[in-house]
Amino acid sequence: MDSTRRLGKYKVERKVLDEQTLEEITHRKTYSDTHPSLIEQLKDSLRCTVPRLKQSVLSILPVLYWLPKYSIWDYGMPDLISGISVGIMHLPQGMAYALLASLPPVFGLYTSLYPALVYIFFGTSRHISIGTFTVLSIMVGSVTERLAPDIDFIKTNGTNITAEVDITARDAYRVQVAAATTVLGGLIQVVLGLVKFGFVGTYLSEPLVRAYTTAASAHAVVAQLKYIFGVSPTRFNGPLSLVYTLKDVCALLPQTHLPTLLVSAVSMVCLVAAKELNSFLSPKLPVPIPVELITIVAGTLISSYANLNSNYTISVVGEIPSGLRSPSAPDISLFGEVIGDAFALAIVGYAISISLGKTFALKHGYKVDSNQELVALGLSNTVGGFFQCYSVCPSMSRSLIQETTGGKTQMAGVASALIVLVTILKLGPLFQELPKAILAVIVFVNLKGMFKQHSDIVTLWKRSKIDLVVWLVTWVSTLLFNLDLGLAASIAFALLTVIIRTQLPTYSVLGNVPGTELYVDMETHREAREIPGVTIFRSSATVYFANADLYLDALKEKSGLDISKMIIYKRRQEAKQKRRERRAERRAKRQAKKERRRQRAVQQLFGAPVFSVEEEASHCRDMRMDNITGEEEGWTERENGTVFVIPTTPRTPEDPCRWEYLKGADPDSTSIGWMSEMQDGDTTTLGSSSEDTLSRDLERMSLGSLGKWTWDIHSIIIDLSTANFIDTVAIKTMKNIFQDFSQIDIDIYMAGCQACVVEQLELGDFFSESITKRQLFASVHDAVLYCLDHRGDTSFPVYEPVVVSIHKLMFRLYL
């Protein structure tokens, strides 16, 4: 329809677009056109073409995309320098983090080699460094020590039981447990990636991941205390294990091994000072100083020449076999015991990987495929597990070094892997005299950045209280529970906050900004003006089964309409009206019967003409109306806003006629004391002291006299522009809204629906003969224009006079 409407100073001359008109203009495709059948989809997926085959191969093996375009002159030297720098960092971190996983240090070197080589072929990020990481190492350590505790490997000698632990057998079994966990976690990642489940990482928000890694760093510190102080605390598992371990370490402090503590203190001072110097000189240095490697070399030399292990019983790394181990299949029987830990490792590793990958991709202008990253990380773990590696993910520190030293492509990973390979083949035995305390100190110092994440509390307090609560709950649950249970509790709470926020959205009534087609919240925008007779309602969240009832309640509250009460009142009034009509009909029959008897009696006695009772009643009524000054003759009705006034028959001929107020009150009436039902003889006065009398009189008043209600609203527009889907429960709620409001003569319209929402409404059989697409508009402004043209600007009385009348009426009734 064409419409010309002036809203404020803005004049609109165009076609008002409802959904049906929009479909006719744009020729919207049908559901079958946009959603092919399952057979058609299957045929399309199985159809093989050369471009599709090429795209599939490149998506599975991204190395085939970038390697042919690799320029040695442009990228060769930066990747070589970056790879050497990262490879040097792999050595101390690999051996140190292996202690976190409760494995021999050499397996940390294996973990820094094989997975990095696999990722080069399947990964899409150019700057992340795959290998050992603090959090995953701690998670693996909790699994290995739970399934292979020291107590299960006590050596026995006949009938005597010694306190010595069979370290060789224990470590061999722990390696099997770690490998089985890694392979199973990798398979989970591969399957999730193949089914396009990469979006699972989006449920791990940044506050959750940062809080989780911060709490995991506390677990790492507590796990290294036994190496720093040279004590042997009991290993605890399950909830509150961190608390129990820390308590046991504190109880063993009097037994601290002083030579080990001295080595730890000196190493920590030197390492912290070197790192501070390194950060101070970093703008002037092309490559950061490898302070960890220098510390390891220096510690190994001092320990070797001073014989710290034999002279002072300081624990050292021990035998590091040279050469590579042959691959072996994991122990499948362990899968059932580690499946929960494997899933937690898969999710946490992927979350850290995709967050770092997207950060560098955004900075350098390339794209990271989340699903392919999940597959690449899964294959790295799966293949690495066959070579006795444990779970890997990118390291924040190594990835930053790879990026800041000029790394351009994944070839930097090849260079770093070569450094690790040379160390395993030739240099590994040189580190056999390295004290474990130095490795523990390296872990401790490298956690400084994670401890700085506690400042997130102040930042989130200023920015988002809900994210702060997620951060705190994640931190506390990870500290108190085990790492896997803490992660599960954190994700569950984060999802709960999403559900709560969708259940408690912001509901608002919109008004027009004069001179524009914009509609904004009237409570937050002073310039917004309400459209007369039209209420525009919007929710900040989509409507679905969890908040459908709340949506309906908010609509009633914001519009000022209590539908249930108004419908009950309407039905009650209809029932009263039927009772009045039946009583009036019975009175008329009785009166007619009496009149006929009277006429016959008069004729029999006097033979005189008989006058009609109706004529006499009409004559008496006219006489009484003549005695009322200021009123018209005859039965009349007058309307005052929403107040309908009808004169009633006086009780006696001497009494003046009083007015009955059906839907309100007349503030100027001096005879407000009388209120009665029309012609039913049930007359009561407010002069009565009975509370029942007053409540019955108030019941006769319409709900429209008690406030805004329906009398100044003729249309409600529901803005669904924020909805991205609508389920069957919400569709049923919308149907109920249309049906309920139509019973009190209020038109309901919907506006701003997305195409997918319209399709879901069609599939849910929302549209019918009573609810058509003519009631669905492309925008709120189109709906407003239609409402004003359909019902008119002045079709309903103004709201303010009615309110004044009601207040005065209630005041008089109270008096």
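Below, a visitor asks about a predicted model and a guide answers.

Visitor: What kind of model is this, and which pLDDT do side-chain atom pairs need?
Guide: Residues are numbered from 1 along each chain as its sequence is written, and side-chain values use heavy atoms, with hydrogens and water left out. The model is predicted; totals for chains, interfaces and linings use all residues, local features need pLDDT of at least 70, and side-chain atom pairs count only at pLDDT 80 or more.

Visitor: In what order do the strands of the open sheet of 6 strands stand?
Guide: Strands are DSSP runs of E with at least two residues, helices are runs of H or I with at least four, and both are numbered from the N terminus. Two strands pair if DSSP finds at least two bridges between them. The pairing in this open sheet is mixed, and the order is β8-β7-β9-β15-β16-β17.

Visitor: Which strands stand at the edges of the sheet?
Guide: An edge strand here has a single partner strand, so one side of it is left without a neighbour in the sheet. The two that fit are β8 (519–521) and β17 (776–777).

Visitor: How many residues of strand β7 are buried?
Guide: Buried means under 20% relative accessible area, exposed over 50% and partly exposed in between, with a 1.4 Å probe and protein chains only. In a regular strand the side chains alternate between the two faces of the sheet. In β7, Tyr507, Val509 and Gly511 point one way and Ser508, Leu510 and Asn512 the other way, and all are buried. Strand β7 (residues 507–512) is therefore largely enclosed by the rest of the structure, and the count is 6 of the 6 residues.

Visitor: Which residue in β8 stands opposite Gly511?
Guide: β7 and β8 pair in the antiparallel sense over 3 bridges. They form a hairpin with 6 residues between them, and Gly515 in the turn has a positive phi of about 85 degrees. Opposite Gly511 in β8 stands Val520.

Visitor: Which residue in β9 stands opposite Leu510?
Guide: On this side, β7 and β9 pair in the antiparallel sense, over 4 bridges. The residue of β9 opposite Leu510 is Ile536.

Visitor: What is the bridge partner of Ile536 in β15?
Guide: Strand β9 (residues 534–539) runs parallel to strand β15 (residues 715–719), and 5 bridges join them. Phe537 of this region stands opposite Ile718 in β15. For Ile536, the bridge partner in β15 is Ile717.

Visitor: Which residue in β16 stands opposite Ile716?
Guide: β15 is mostly covered, with 5 of its 5 residues buried. Ser715, Ile717 and Asp719 point one way from it, and Ile716 and Ile718 the other way. β15 pairs in the parallel sense with strand β16 (residues 747–751) over 5 bridges. The residue opposite Ile716 is Ile748.

Visitor: How are α13 and α19 arranged, roughly parallel or roughly antiparallel?
Guide: Axes are lines fitted to C-alpha atoms, for helices over the stretch in contact, and angles run from 0 to 180 degrees between N-to-C directions. Helix α13 (residues 291–306) and helix α19 (residues 436–446) pack with axes 10 Å apart, at an angle of about 160 degrees. Angles under 35 degrees count as roughly parallel, over 145 as roughly antiparallel, 65 to 115 as roughly perpendicular and the rest as oblique. α13 is therefore, relative to α19, roughly antiparallel.

Visitor: How many aromatic pairs does the count come to?
Guide: Rings of Phe, Tyr and Trp (its six-membered ring) pair if their centres lie within 6.5 Å; planes under 30 degrees apart count as stacked, over 60 as edge-to-face and the rest as tilted. By this rule, the number of aromatic pairs is 17.

Visitor: Why is the pair of Tyr70 and Tyr75 tilted?
Guide: The ring centres of Tyr70 and Tyr75 are 5.8 Å apart. The pair is tilted because the planes stand at 55 degrees.

Visitor: Which ring does the charged end of Lys773 sit over?
Guide: A charge sits over a ring if NZ of Lys or CZ of Arg is within 6 Å of the ring centre and within 35 degrees of the ring normal. The charged end of Lys773 is 5.6 Å from the centre of its ring, which belongs to Phe767.
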